[in-house]
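I opened this model to look up its salt bridges. The notes below follow the order of my look-ups.

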Amino acid sequence: MTDTANSTSDKTPSFEMTWGSSTSSGYCSDEESESEFEQYFTARTSFFPQNRKPNVKVNKQDEQTECGKQELTTATIQQKVKEYNAQINSNLFMNTNKDGSYTGFVKVQFKLARPVSVPPPKKGSHDGGGRKAGGVKRRTSFYLPKDASKHLHISSRTSAREVIEALLKKFTVVDNPAKFALFERSERHDQVYVRKLSDTEQPLRLRLVAGPNEKVLSFLLKENETGEVNWHAFSMPELKNFLRILQREEEEHVKQIVQRYALARTKMQETLAGSTPG
């Protein structure tokens with residue numbers, strides 16, 4: 001698969017620039033850690049659920065849109081490719097092949113709330129594999145720019161899982177692909193619908209049926225929220241960081257509760273001290 005990069009500034013974010021950029025507030029390097037493992041700003045910054053926006057409807061995984069239900073014959077594919085190419089104002093055309101397949105571009109927007117991990121910059125103290133002299137694997141974590149996007153040139157046979165893996169490879173992200181999922185987003189009747197694609201669905205087919213209008217259909221790369229956390233998908237440094245996050249949150253909540261009761265107690269004691277018996 002080939003790719004054409006695109007972002008809000010029409011330029012693929014540079015990892016070298018991001019490492020030193022003030023916009024990467026989630027950046028955390030192993031060089032700053034005194035422990036054996038790297039400190040991560042990873043999966044969750046809070047373990048308390050957040051409410052979803054009311055104007056976004058999340059479809060169940062088996063509720064495909066009309067784009068995913070249509071059966072396409074060879075003649076239909078050829079006609080739709082012609083119609084698709086006639087509607088776009090760029091050179092990101094679709095092309096049909098003799099074997100009945102077709103190729104084209106899909107744009108994927110990154111909607112990640114968590115940082116991603118990449119190999120650290122090569123330095124004299126590290127070998128080519130991103131390891132310290134002691135053999136401990138090192139990573140660098142940072143937030144991707146908001147609304148960054150990327151065009152991928154794929155085949156009609158390319159699955160959603162393969163698209164995810166290709167995106168991670170292009171950005172040299174070393175996180176487990178199982179942490180991410182591809183979603184389709186559509187706008188209908190003043191409602192926004194978001195549906196998680198199954199691993200075997202074919203994004204280019206959905207793009208062809210929907211046409212090039214991104215309000216009708218667009219693709220998002222998001223964290224894979226399954227309702228239950230698959231802790232086995234995380235590395236040991238990440239799991240240790242989760243424990244640190246839980247401990248900090250617990251200590252903060254305990255502190256707030258103690259302060260609340262202490263304030264109430266003080267006010268009651270002041271009231272008692274100023275009151276006249278009887």
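Before listing pairs I fixed the criterion: a salt bridge is a side-chain nitrogen of Lys or Arg within 4 Å of a carboxyl oxygen of Asp or Glu. The model is predicted, and side-chain atom pairs count only at pLDDT 80 or more.

Entry 1, the count. By this rule I get 7 salt bridges. I followed up some of them.

Entry 2, Asp-199 and Arg-161. I found a salt bridge here, with 3.1 Å between the closest N and O atoms. The pair links distant parts of the chain: Asp-199 sits in the loop between strand E10 (191-196) and H5, while Arg-161 belongs to helix H4 (residues 160-170). I noted a separation of 38 residues in sequence against 4.7 Å in space, C-alpha to C-alpha. The two side chains also register as a polar contact at 3.1 Å.

Which residues does Arg-161 touch, not counting those up to four places away in sequence? I listed Pro-177, Ala-178, Phe-180 and Asp-199.

Next I checked accessibility for this pair. Is Arg-161 buried or exposed? Its relative accessibility is 17%, and buried means under 20%, so Arg-161 counts as buried. Asp-199 has a relative accessible area of 41% and is therefore partly exposed.

Entry 3, Arg-195 and Glu-184. The side chains meet in a salt bridge at 2.8 Å, N to O. I placed Arg-195 in strand E10 and Glu-184 in strand E9 (residues 180-188), 11 residues apart. Both Arg-195 and Glu-184 are buried. I then asked which residues are linked with Arg-195 in a network of salt bridges. The network consists of Glu-184, Arg-195 and Glu-201.

Entry 4, Glu-214 and Lys-107. I recorded a salt bridge between these side chains at 4.0 Å, N to O. Glu-214 lies in the loop between helix H5 (203-210) and strand E11 (218-223), and Lys-107 lies in strand E5 (residues 102-110), so the pair ties together parts that are 107 residues apart in sequence. For accessibility I have 37% for Glu-214, which counts as partly exposed. Lys-107, at 24%, also counts as partly exposed.

Entry 5, recap by burial. In the Arg-195 and Glu-184 pair, both residues are buried. In the Asp-199 and Arg-161 pair, Arg-161 is buried, whereas Asp-199 is partly exposed. In the remaining pair of these notes, Glu-214 is partly exposed, and Lys-107 is partly exposed.

Key
Residues are numbered from 1 along each chain as its sequence is written. This is a predicted model: local features need pLDDT of at least 70, side-chain atom pairs count only at pLDDT 80 or more; totals for chains, interfaces and linings use all residues. Side-chain values use heavy atoms; hydrogens and water are left out. Helices (H or I, at least four residues) and strands (E, at least two) are DSSP runs, numbered from the N terminus. Buried means under 20% relative accessible area, exposed over 50%, partly exposed in between (1.4 Å probe, protein chains only). Contact means heavy atoms within 4.5 Å. A polar contact is a pair of N or O atoms within 3.5 Å; within protein, one must be able to donate a hydrogen and the other to accept it, and residues adjacent in sequence count only if both atoms are side-chain atoms.
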